Amino acid sequence: MTEPPIDVTHHDEHAVILRQSKSVHYEAPFLHLLFGAERALLLDTGATADPALFPLRATVDGLIDAWLAAHPRTGYGLVVAHTHGHGDHVAADAQFSDRPDTVVVGRELEAVTEFFGFGEDWPEGAVTFDLGGRELTVLGSLGHHRASITIFDPRTGFLLTGDTVLPGRLYVEDTEAYVATIERLVGFAAREPVTSVRGCHVEMSRRPGRDYPLGAVSQPDERPLPMAPERLVAVRDAMVGIGARRDVFRYDDFIVYNRPPTWDMLRLVARARVHKAMRTFGAH
């Protein structure tokens, strides 16, 4: 409870990695703030709406003010977008609703495809999104969520994969779409200078095959977030081996939940465990 609600790490002066503290919400998602010459991109807004608990707007405003002090200009914009529309990635959207020079991209599929300019080739195609001298590549990444995207930033080499690929539990809602997504990402990383694959959560410990329980509020020996591009190949190969089987499949660096036959029951059990953990945590 003594740690700050948001951990802020500067990759360089033009790229910031933020992480919501587990003392605020057990999901502890990672967010990314990328600066271009004309506007910045905030990718995801975390799992907590209340600015008193999770002061995301104030933190981002401070980071942008500091960047503008070093790189003065007028009319600087902010785009708030999402890797996908699940609640732990969009909760603080409302903090930016009245911010000047700001666009908050909706979480629905239609809003995502319209804003980024995807055409009839969604999700197979890729589009370019320019921050001003910093062109990002945006790819459709279905399988976990119907509006999931992956963003590649050539300046850092980051491939930002949201919940599609991460060191943790990979929840596959649509197996066919997910396999197609991973195949595209493997091919993309083979063609482009991807230096690291970065999802939005860390759920694996450093012990091979062991994840922290859902709802854990402390992960003292977690794996680092950045993954080598070869991790995409490992996930692709795992999915080829899994095929159409619906179950939970455990690997050293990730766990695949491929729509197991007890999916609804797993969700109910997980929700009960989370509520119990949060009640216990709140009691202290």
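Me: Which residues of H4 does H3 meet in this model?
Reply: Happy to help, and do keep in mind that this is a predicted model. On the H3 side, the contact is made by Thr-175, Tyr-178, Val-179, Ile-182, Glu-183, Leu-185, Val-186 and Ala-189. Their partners in H4 are Leu-232, Val-233, Val-235, Arg-236 and Met-239.

Me: How many residues of the contact of H3 with H4 are nonpolar?
Reply: Let's set the others aside: one residue of this contact is polar and two are charged. The nonpolar residues number 10.

Me: At what angle do H3 and H4 pack?
Reply: Two packed helices are described by the angle between their axes and the distance between those axes. Here the axes of H3 and H4 lie 9 Å apart, and H3 passes H4 in a left-handed crossing. The packing angle is about 150°.

Me: Is Val-235 buried or exposed?
Reply: Val-235 belongs to helix H4, which covers residues 230–242. Leaving aside neighbours within four places in sequence, Val-235 is in contact with Val-165, Leu-170, Tyr-178, Ile-182 and Phe-254. Its relative accessible area is 1%. Because a value under 20% counts as buried, Val-235 is buried.

Me: What is the relative accessible area of Thr-181?
Reply: Thr-181 sits in helix H3, residues 175–191. Not counting residues up to four places away in sequence, Thr-181 touches Gly-140, Ser-141, Leu-142 and Thr-164. Thr-181 is buried, and its relative accessible area is 1%.

Me: What separates the C-alpha atoms of Val-235 and Ile-255?
Reply: Along the chain, Val-235 and Ile-255 are 20 residues apart. In space, their C-alpha atoms are separated by 9.5 Å.

Technical notes
Residues numbered from 1 in each chain as written. Predicted model: local features only at pLDDT ≥ 70, side-chain atom pairs only at ≥ 80, totals over all residues. Heavy atoms only, no water. Helix = DSSP H or I, 4+ residues; strand = E, 2+ residues; numbered from the N terminus. Buried < 20%, exposed > 50% of the residue type's maximum accessible area, 1.4 Å probe, protein only. Contact = heavy atoms within 4.5 Å. Axes fitted to C-alpha atoms, helices over the stretch in contact; angles between N-to-C directions. Left-handed = near helix turned anticlockwise from the far one by under 90°. Nonpolar A, V, L, I, M, F, W, Y, C, P; charged D, E, K, R; others polar.
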